[in-house]
Amino acid sequence: MSKKLPFIAGNWKMNLTISGAKALAKSIVKACADLPEAEIVLAPPFTALSKVKKTLEDSSVKLAAQNLFWEEKGAFTGEVSAPMLRDAGCQYVIIGHSERRQSFGETDEGVNRKIKAALKSGVFAIFCLGETLVEREHGETMDVITRQIRGGLEGIGGGELKSIVIAYEPVWAIGTGKTASPGQAEEVHSHIREKLALTYGIGPAECAIILYGGSVKPANSFALLSEKNIDGFLIGGASLEAESFIQITREAIRAYKEKK
Ligand code: PEP
């Protein structure tokens with residue numbers, strides 16, 4: 001994983017049949033043949049991982065899962081472990097998405113256990129964090145982010161930070177059509193980098209990949225990615241259409257080149 005390229009990840013959430021996922025992956029792979037200047041990752045639902053993996057073979061597009069459980073195996077009905085994801089061909093796994101925190105009660109401690117499980121199995125973690133609207137309105141954004149970083153990365157060393165992508169996703173911007181302004185996003189991204197620098201040093205913090213997520217669209221992607229500390233996107237809704245996903249990727253590449 002290197003920060004030389006903008007990092008664009010599509011989170012398909014609980015959408016698409018196996019054949020629908022395969023078709024979407026196929027369109028993205030075809031378009032991405034012309035886009036070697038981005039690190040592209042797709043996160044289909046578990047049921048479609050195997051078929052999408054086949055579609056991604058012979059392309060540079062990487063496969064991600066949307067969740068895992070921290071135990072390796074055993075009596076945990078309905079759960080999927082990191083070694084299983086690795087076996088299924090996943091290079092990445094999304095951990096701590098706000099939908100999991102809000103609807104499934106995930107805590108910072110659980111997120112931390114999941115990140116450690118992913119890294120132990122050689123799967124890179126896409127570690128999501130972000131404040132709710134109430135927290136932002138109460139002026140608690142930076143405290144919430146600091147707590148989530150501390151909790152999520154507890155006990156994780158500098159060497160392991162290279163295997164973690166951080167995704168700042170303000171909860172109020174996810175799936176709502178409300179995007180954080182580039183300034184709002186940059187303020188939090190730079191706070192995240194500062195916190196990483198305090199724990200791991202300036203070098204590792206500079207190398208860390210920090211994504212923005214929350215209603216990213218072709219129209220807002222250039223301005224967001226032009227910000228100094230925004231290295232890419234985690235995209236939900238707009239990743240379900242090949243055309244918008246690719247357009248965002250093109251805009252991200254354009255912004256990344258201009259800011260270098
Ligand atoms: C997401 O689910 O991570 C996300 C950012 O969704 P959307 O792009 O739809 O807001």
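## A positive patch on the surface

With a relative accessibility of 56%, K26 counts as exposed, because the cut-off for that class is over 50% relative accessible area. This assignment, like every other in this report, refers to a predicted model. K26 is part of helix α1, and together with K22, K30, K51 and K54 this lysine forms a patch of positive charge on the surface.

Two helices, α1 (18-32) and α2 (49-56), each contribute at least two residues to the positive patch. Of these contributions, the one from α1 is the largest share, at three residues.

## Helix α5 and its surroundings

Helix α5 covers residues 108-120, a run of 13 residues, and spans 18 Å from its first C-alpha to its last, which is close to the 18 Å expected at 1.5 Å a residue. Many positions along α5 are buried, among them G110, V111, N112, I115, A117, A118 and L119. Two residues with charged side chains, D108 and K114, also belong to the buried set of α5. After the helix comes G122, whose phi is positive, near 80°.

D108 is buried at 15% relative accessibility, and its side chain meets that of R147 in a salt bridge with an N to O distance of 3.2 Å. Because R147 lies in helix α7 (residues 141-152) and D108 in helix α5, the pair ties together parts that are 39 residues apart in sequence. The arginine of this pair, R147, has 44% relative accessibility and so counts as partly exposed, whereas D108 counts as buried.

## Further salt bridges

Side chains of opposite charge can pair when their charged atoms come close. The structure holds twelve salt bridges, and one of them joins E131 and R136 at 2.7 Å, N to O. E131 has a relative accessibility of 0% and therefore counts as buried. Elsewhere, salt bridges that share partners link R100, E106 and K114 into one network.

Within that network, the side chains of E106 and R100 meet at 2.8 Å, N to O. E106 is buried, with a relative accessible area of 13%, whereas R100, at 23% relative accessibility, counts as partly exposed. K114, also joined into the network, is one of the buried residues of helix α5.

## Positive phi outside glycine

Most residues other than glycine have a negative phi. L16 is not a glycine, yet its phi is positive, at about 80°. This leucine is placed in the loop between β1 and α1, and its relative accessibility of 34% makes it partly exposed.

S215, likewise not a glycine, has a positive phi of about 55°. The serine sits in the loop between β7 (209-213) and α11 (218-225), where, at 15% relative accessibility, S215 counts as buried.

## A contact between distant parts of the chain

P6 belongs to the segment before β1 (7-11) and, with a relative accessibility of 2%, counts as buried. Although P6 and A255 are 249 residues apart along the chain, their C-alpha atoms are separated by 9.1 Å.

Note on methods:
Residues numbered from 1 in each chain as written. Predicted model: local features only at pLDDT ≥ 70, side-chain atom pairs only at ≥ 80, totals over all residues. Heavy atoms only, no water. Patch = residues over 30% accessible without salt bridge, like charges linked within 9 Å, V, L, I, M, F, W, Y side chains within 5 Å. Areas by Shrake-Rupley, 256 points an atom, 1.4 Å probe, with all protein chains shown as cover. Salt bridge = Lys/Arg side-chain N within 4 Å of Asp/Glu carboxyl O. Lys, Arg positive; Asp, Glu negative; His and termini not counted. Charge placed at Lys NZ, Arg CZ, Asp CG, Glu CD. Helix = DSSP H or I, 4+ residues; strand = E, 2+ residues; numbered from the N terminus. Buried < 20%, exposed > 50% of the residue type's maximum accessible area, 1.4 Å probe, protein only. Expected span 1.5 Å × (residues − 1).
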